[in-house]
Amino acid sequence: MKLILLGAPGAGKGTVAKQLTKIDGSVQISTGDILRGAVRAGTDLGKEADGYMTRGDLVPDSLIMGIMEERLQEDDCKSGFLLDGFPRTIPQAEELTVLLEKLGIKLDMAVNIDVPRDVIFDRLCTRRTCENPDCQEIYNIKSMPPKKEGICDKCGSPIVQRADETEEAIGHRLDTYNEKTAPVAGFYEKAGLLKTITGTSSDIVVAGVKKELGI
Ligand code: ADP
Ligand code: ZN
């Protein structure tokens, strides 16, 4: 499947994407994970992105488009991909349309995961992430704690609160989302590709996607 996952930070894009990869081997492409990996590795891209990310601002469109142009041409994308956290602005959506046309790739659908703002805020404050850049498994200290406190079930690395998951940065990320990213849903609605699924559980969202794709 070739899908875009839209929705506020904390809507569950990453969790839904991971569940969908298990259905048909499509790969999850998370721009947030790629950027955090670059920051940890100290690459030029990471150095440039770091400040924006810590503040809860979007990194410049030009940086993201460079990453995605390369990533979408890698072999593992041939069987399908789930775009998680991209496109996040109207210019990114417009450039993605051009890029996909150039690469001869047709999207199945843009899924808008709709979750109430109070649920989102609460979730982000209690979210924890495995600090191992190759893992980045997500936990929630209230609803999905690791078996051993503070330690990733999958790889044994410490789980930490992300630098952009302070209350202040979370508020700013949600404002940025409303201003810059929410309009992207309208873009895909006009293109006839949007499907909005309301639900606070990833199982409901995954079931909705499968139904829509007829799988
Ligand atoms: P969340 O969806 O929970 O905000 P992500 O992991 O998707 O978290 O993104 C973390 C940060 O990475 C964002 O706040 C932003 O700074 C940057 N980022 C990720 N994807 C994009 C994108 N497509 N365009 C601009 N910035 C991005
Ligand atoms: Zn881990």
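**Group meeting: a walk through the fold**

Okay, let's start with contacts. If you take the contacts in the protein chain with a separation of 6 or more, 71% of them come from residues 24 or more positions apart. Keep in mind that what we're looking at is a predicted model.

So, the overall picture. The protein chain has eight helices and eight strands. Its radius of gyration is 16 Å, close to the 17 Å the globule rule gives for 215 residues, so the chain is as compact as a globular protein of that length. If you want dimensions, the C-alpha trace spans about 45 × 40 × 35 Å along its principal axes.

How much of the chain is buried? Of the 215 residues, 45% are. As for the outside, the accessible surface comes to about 10,800 Å², and carbon and sulfur atoms account for 51% of that. On charge, I get 28 positive and 34 negative side chains, with the centres of the two sets 4 Å apart.

Now let's zoom in on one helix, α2, which covers residues 31-41. Which of its residues are buried? They're T31, G32, L35, R36 and A38. Those residues sit on the same side of α2, because they cover an arc of only 160° around the axis. And what do they pack against? Two strands, β2 at 27-30 and β3 at 81-84, plus two helices, α3 at 44-55 and α4 at 61-71. For those of you with the structure open, go to the residue that follows α2: that's G42, and its phi is positive, near 70°.

Next, a couple of backbone spots to click on.

One is the peptide bond between F86 and P87. That bond is cis, with omega at about -5°. Where does P87 sit? In the loop between β3 and α5, and α5 runs over 90-103.

The other is Q136. Here phi is near 55°, so to speak on the positive side, in a residue other than glycine. You'll find Q136 in the loop between β5, residues 127-130, and β6, residues 138-140. Is Q136 buried or exposed? Buried is under 20% relative accessible area, and Q136 comes in at 4%, so this residue counts as buried.

To recap the stops: α2 with its buried residues on the same side, the cis bond joining F86 and P87, and Q136, a buried residue with a positive phi. That's my tour, and I'm happy to go back to any of those on the screen.

Notes: Residues numbered from 1 in each chain as written. Chains lettered and ligands numbered in written order. Predicted model: local features only at pLDDT ≥ 70, side-chain atom pairs only at ≥ 80, totals over all residues. Heavy atoms only, no water. Buried < 20%, exposed > 50% of the residue type's maximum accessible area, 1.4 Å probe, protein only. Helix = DSSP H or I, 4+ residues; strand = E, 2+ residues; numbered from the N terminus. Arc of directions from axis to C-beta. Contact = heavy atoms within 4.5 Å. Rg over C-alpha atoms; globule rule 2.2 N^0.38 Å. Areas by Shrake-Rupley, 256 points an atom, 1.4 Å probe, with all protein chains shown as cover. Lys, Arg positive; Asp, Glu negative; His and termini not counted. Charge placed at Lys NZ, Arg CZ, Asp CG, Glu CD.
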